[in-house]
Amino acid sequence: MAIFGLNGIGMDLGSMQTSIYLASEEEIVLREPTQVLVNAENMTDILCVGSEARAMTGRTAKDTELVSPIQNGVVADIDLTALLMLALAEKATGRKKPMEKSLLVTGLMGGATRVERGALFQAMNATGAKRTAAVLNPVAAALGAGVDISRPRGTLVASLGGGATEIAVLSMNSVVALRMLRFGGQSMDEAIVRWYWREKGIIIGMRTAEQLKREIGTVDADDVGADDDPVLLKGKEAATGRPMSLETTGLDVMRALEDPVRQLVDAMRNALYNIPAELAVDIHHEGIYLSGGGAQLRGLAGRLEKETGVPVNMSSHPREDVVLGLGMAASSEKLLNTLARTGAAELTAE
Ligand SMILES: Nc1ncnc2c1ncn2[C@@H]1O[C@H](COP(=O)(O)OP(=O)(O)OP(=O)(O)O)[C@@H](O)[C@H]1O
Ligand SMILES: [Mg+2]
């Protein structure tokens, strides 16, 4: 069970959610918001993290601020990220010093700069982990989705997260080509907020926008059927600030999502267009693998198929693929060494 004689911990530090896989348990043991509640007057005064942080917001005597230490897929605050990792690992393992004798494996955004990669390793080292490793997110996503990436064939994986979108061509355990967009599901929520403000004169919050996207949103016109019943939307009137409500439909949300979806489709077409010729045949035959929470957007798979002419395979657990892949790497010396050799992972020395 031990890897390099250590306890393997796979941790997916997403812009929105953090998940932990323990090699000793052989499963995902925790999934909580990537958020830290701090004292607004003293940002080093941490009150709580994860689900608790979200639940406590606005319910404390102190003036507090909810901080997301991971932004658009990369570490935005090293100290807070380290604290969050430690606190969640403590909860996941039930141990006071969870990183002692541990190998910590996180995901690294494909296309991250040297500085961003450095910040991730600094945060991991600050947790006190004995050894650390980072696996490229799309590689972890493919492994977690059960795709065999060791074959000498091309595989296209698109990971659609909350803060970042990564499209990668993989072959023989390595990344052959990569496209990365520093936007994801959160930008879709922003687009929804802007659209309702502009077109309907109503101001809604990001949480309401996300809820609309999940519950009635679609991005494929063929998907808006007769069952597109209106729902009541509550917000503030843009002109007066007074409470306001109106009826809206999936068709409205589809219009609101048109811009960001266009960008996504274009990035996908661009990635397909630039695939090395010898791998293009495999990919057109085998299809695109969609992963990440954003893959669950209704109509997206159909829309991508229509616009690229390439079949789309949906992972059966898109939000868990990355952490499952990291867990696999945190459970197997052989796999981790192979990935380190091809450049798909970075592993610190003993
Ligand atoms: N059913 C759904 N329909 C549309 N979008 C969804 C659905 N479920 C989740 N999402 C979106 O998926 C996104 C979160 O995905 P995920 O959990 O993969 O992100 P993350 O790993 O935290 O972020 P990142 O990988 O970008 O750092 C959110 O924007 C969320 O709104
Ligand atoms: Mg993610």
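This passage looks at one strand and its partners, and then at a pair of packed helices. The structure is a predicted model, in which local features need pLDDT of at least 70, side-chain atom pairs count only at pLDDT 80 or more, and totals for chains, interfaces and linings use all residues. Residues are numbered from 1 along each chain as its sequence is written, and chains are lettered from A and ligands numbered from 1 in the order in which they are written.

Strand β11 covers residues 155-160 (strands are DSSP runs of E with at least two residues, helices runs of H or I with at least four, numbered from the N terminus). Six of its six residues are buried, so β11 is largely enclosed by the rest of the structure (buried means that 20 or more other C-beta atoms, placed from the backbone, lie within 10 Å of the residue's own). T155, V157 and S159 cover one face, and L156, A158 and L160 the other.

Strands count as paired when DSSP finds at least two bridges between them. β11 pairs with β12 (residues 165-171) in the antiparallel sense over six bridges, and A158 stands opposite I167. Four residues separate these two strands, which form a hairpin. With β17 (residues 288-291), β11 runs parallel and shares four bridges; here V157 faces Y289.

Turning to the helices, the axes of α5 (residues 185-200) and α7 (residues 250-273) come within 8 Å and cross at roughly 125 degrees (axes are lines fitted to C-alpha atoms over the stretch in contact, with angles from 0 to 180 degrees between N-to-C directions). That makes α5 oblique to α7, a term for angles outside the classes under 35, over 145 and 65 to 115 degrees.

Terms used:
A residue is buried if 20 or more other C-beta atoms lie within 10 Å of its own, exposed if 12 or fewer, and partly exposed in between; C-beta atoms are placed from the backbone.
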